Amino acid sequence: MKLLTRTSIYYFISSLLVFVIGGFIFYNVIQSIFYKQLDDTLITEKKLIEEQINYSDSLPDFRTVFGHMIQVTVFNDRLKKSEKINDTIIASDDRTELISCRHLHVTNTSISNRGYIIHIFKPIGETKNLITAILLAMTFLFISLMGLLLLVNYYISKRVWIPFYRTLRSLSHYNINQEEPLHLTKTRISEFRLLNKALENMSIKIRRDFLNLKEFTENASHELQTPLAIIKSKLELLVQSEQLTVEQMQLIHSVYDAVTRISKLNQGLLLISKIENNQFSAVEKVDLQKIILRNLENFEDAFRMKNISTRCQCNEPVILSMNRSLAEILVSNLISNAVKHNVDGGNLEVLANQTNLRISNTGHSLSISPQRLFERFSKSDRTSESVGLGLAIVRQIANLYRMQVEYRYENQLHTIIVSFPFPDSEKNKSLKE
Amino acid sequence: MKILLIEDEKELSRSIETYLAQESFICETALTYDQAREKINLYRYDCVVVDITLPDGNGLDIIRELKKNQLETGIIIVSAKNSVDDKITGLEIGADDYLAKPFHLAELNARIKSIIRRRSFSGKNEIRMNEIHIIPDEMEVFINDKQITLTKKEFDLLIFFISNKNRVLTKEAIAEHLWGDEIDLVDSFDFIYTHIKNLRRKILEKGGEDYIRTIYGMGYKFGTS
């Protein structure tokens, strides 16, 4: 729900509440004022009649004096004094309609010791009409006021929150990898200014840490390169020595193996950080089909060794705009992965077309979750000799060229799918050239 | 044979020098760009190994200078892995070969020998070792003048062995030579064995000697001694 909708709803509900309660009180107050007035008139008239009775012992001519319904009955006995006012309904003179009235009922005894009863009726229809009119006017006032309030609130909020939405837009478009630091537009509202300031500072700090980390990884791997190369070359010289015993040779072999692994690991890390730092900027049209076929040939010994039968469905050139080395690495890492985790006598399928590249292989079930498959150093312990960077590199390359990489397990086959972005435009481009 | 090694990393340079010296190469070293320029202007070399990234200059400029003054010199570029730009530029301006760091000494040795072979015999490129006679360009191999048929991998393996004869070749070095380092398979060493077994059988069948020896755990040695 949008902030604006929510505040509007709150405004609406609270105004409605005020109106209902206020309206109820208002209605009652108006009604009691009008009734008071009616009752006062009734009492005044009663007094006039009583005065007349007591003064002249006769009844006034009501019709000429008051012009409405008064009924006086005189008795010969004394009557107990009482007086009450209530609402009642009487029939009109011609008995065609009912009239709702205020009714004064008095019983008393005159000075000449004769009891009398006075009924005075006053129609309240007019009063009711007045109250209804007032209430209607009020409702109209309320609705227009509320409408205006909501409208004004809506526009004010919309205007006031403009900087906020602008900040939000900048934030969602911000990529930590981009060259420019986060820059938010100036605003005069101090809360938003503070927010922008805080966000900018935070992004600067995060960016600095991020760059430091990236730089560190690259520098560390780079600095490790030379000592590793030296160790390897010295070991290579050492094994040439004629006087080595079998035990010594075994020791050297272990050291050499370990150094080779560190070296591979280091090269992998260096490669990842180089891709991250966009050092493979040279982009050209590469034909994935050729690269796949060449790699399959190169892996032939591995296939034969594990009795893997391969099937390749890539009958047309697949032209991609990317760095040639990275394309080679992408394909060879995927095939190498499909061989490493394959079983003896298994299958390996490669399928490539304009939209995607699929490599499927038979193999044991995954010992890690599919989500972690493309992370660095996430490897199943089955082949603990491997470094665990192959698929991380694949993902890094895919990210660079906005390709999607996903893992699926279908028909008993582990499948890795690399989907190319905008296959159509890519195709059109290659056709034009 | 005179070789100039231009490499700024002193220890690495010494390793290469030691390895090459055992091949009866005369190996000179230059640690900086200036030293390298001085040497190529004073002496002639059969082969120059250039590291592209030098602290005080670019190795590519040395190649350009060599191409001006010593056309017959073979040039091998050595540079950090995956610097494709270096590779392409280097080969364009006339380098003969490119080797990515880190490399095996045996690999560099084989590459140097291949270049020198191609350059010194002006077209008549051949390798003779006892009863083995190889014509690399034709991919032909004769044992006691009887031709044998080798697969591409067996052929590459034989040349690699002969280039590094009497040296222990680690399995890693052989695997990288035959498949490149991208293959990166844990069990790649098992299939080296298959190729070696076949190569040995084919040489023995034509009455050749059994030169290939297994060096415990490490690798193989193609020995004449």
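How many residue pairs are in polar contact across the interface of chain A and chain B? The rule finds 12 such pairs, both residues being at pLDDT 80 or more; a polar contact here is a pair of N or O atoms within 3.5 Å, where within protein one must be able to donate a hydrogen and the other to accept it, and residues adjacent in sequence count only if both atoms are side-chain atoms. This is a predicted model, in which local features need pLDDT of at least 70 and side-chain atom pairs count only at pLDDT 80 or more, while totals for chains, interfaces and linings use all residues. Residues are numbered from 1 along each chain as its sequence is written, chains are lettered from A in the order in which they are written, and side-chain values use heavy atoms, with hydrogens and water left out.

Let us stay with the interface for a moment. Contact (heavy atoms within 4.5 Å) links 40 residues of chain A with 40 residues of chain B. The two chains bury about 3,600 Å² between them, 61% of it on carbon and sulfur atoms; buried area is the accessible area (1.4 Å probe) that two parts lose on being put together, summed over both. There are also 2 salt bridges between the chains, a salt bridge being a side-chain nitrogen of Lys or Arg within 4 Å of a carboxyl oxygen of Asp or Glu. In one of them, Lys221(B) meets Glu242(A), with the closest N and O atoms 3.3 Å apart.

Turning to chain B itself, an open sheet of 5 strands has the order S2-S1-S3-S6-S7, with parallel pairing. Strands (E, at least two residues) and helices (H or I, at least four) are DSSP runs, numbered from the N terminus, and two strands pair if DSSP finds at least two bridges between them. Strands S2 (26-30) and S7 (97-101) of chain B stand at the edges with a single partner strand each, so one side of each has no neighbour in the sheet. Within this sheet, S1 (residues 2-6) and S3 (residues 47-51) of chain B run parallel and are joined by 4 bridges, and Ile3(B) stands opposite Cys47(B).

A second open sheet in chain B has 4 strands in the order S8-S9-S10-S11, with antiparallel pairing. Here S9 (residues 132-135) and S10 (residues 140-143) of chain B pair over 4 bridges, and Ile134(B) has Val141(B) as its bridge partner.
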